[in-house]
Amino acid sequence: MMKASIATAVCLVAALCTPAQANDEDVKEYREHVMKSLNAQAAILGQIVSTAVPPDNLQAHLDSIALLASTALAAFEPKVPGGEAKPDVWAQWPDFSKRMREFADKTAAAAKLGHTASPEEALSNMLDVMDCKGCHEVYRNEKKGKKP
Ligand code: HEC
């Protein structure tokens with residue numbers, strides 16, 4: 001009885017100490033989901049900029065982008081090449097992580113500005129903030145038929 005409960009306790013602790021390992025496919029899928037979520041939010045900003053939809057929810061979308069951007073670096077931390085990620089993501093990790101941090105910082109600043117600025121002002125430097133292409137050109141091997 002005593003032995004069994006000790007074994008159970010040890011198992012429980014071991015389970016807590018070693019979280020289930022995400023497999024490589026999960027790792028790739030996770031970072032792709034983060035990127036796709038960013039993509040959807042970027043598309044919404046585009047709709048707002050083009051006045052296809054009113055800017056009523058602009059702050060929520062700026063906040064969403066900043067939040068997603070803040071999760072992106074961790075999504076790439078496991079070194080699992082594949083998907084559309086070039087091996088340079090990990091070979092040039094100091095540069096890649098610097099770019100991702102800058103992206104997170106800029107989107108956070110844009111979300112902060114949104115609280116005090118007019119929609120026009122808040123959106124005025126979006127080309128600089130949403131520099132998705134700058135990173136993709138170096139680190140993403142875009143497969144045909146996928147956007148952007
Ligand atoms: C610092 C680098 C970096 C930044 C900034 C960045 N991305 Fe990416 N993105 C990547 C990499 C690397 C991949 C490839 C990931 C993979 O396939 O495993 C990727 C993949 C994608 C994909 C394809 C996901 C799929 O379906 O497989 C989309 C869509 C995307 N990014 C959108 C965006 C948008 C929109 C932004 C800007 C708002 C952005 N990204 C900013 C590096 C970046």
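## Polar contacts

How far does a polar side-chain atom of R31 lie from an oxygen atom of the ligand? The distance is 2.6 Å in this predicted model. E32 also faces a ligand oxygen atom: an N or O atom in the E32 side chain is 3.3 Å from that oxygen. H136 pairs with a nitrogen atom instead. A polar atom of the H136 side chain lies 2.8 Å from a nitrogen atom of the ligand.

## Iron site

Two residues coordinate the iron atom of the ligand: M35 through SD and H136 through NE2. The coordination distances run from 2.0 to 2.3 Å. Six donor atoms surround the iron, and the angles they subtend span 86 to 179°, so the arrangement is octahedral. M35 belongs to helix α2 and H136 to helix α8, so the pair ties together parts 101 residues apart in sequence.

## Pocket and shell

Where is the ligand found? The ligand occupies the largest pocket. Three elements give two or more residues each to the shell around the ligand: α2 (24–49), α5 (93–116) and α8 (132–139). Helix α2 supplies the largest share, with five residues.

In total, 24 residues surround the ligand. M35, E84, C132, C135 and H136 are the closest. What is the make-up of this shell by residue class? It holds 12 nonpolar residues, eight charged and four polar.

Notes:
Residues numbered from 1 in each chain as written. Predicted model: local features only at pLDDT ≥ 70, side-chain atom pairs only at ≥ 80, totals over all residues. Heavy atoms only, no water. Near = heavy atom within 4 Å. Polar contact = N/O pair within 3.5 Å; in protein donor to acceptor, adjacent residues only side chain to side chain. 1 Å grid on protein atoms, 1.4 Å probe; cavity = no way out; pocket = protein on both sides within 12 Å on 5 of 7 lines; lining within 4 Å. Sits in = over half its atoms within 2 Å of the grid points. Helix = DSSP H or I, 4+ residues; strand = E, 2+ residues; numbered from the N terminus. Nonpolar A, V, L, I, M, F, W, Y, C, P; charged D, E, K, R; others polar. Donors = N, O, S within 2.8 Å, 3.2 Å for Na, K, Ca; no water. Tetrahedral: all angles 85-135°; square planar, octahedral: opposite > 155°, others 65-115°.
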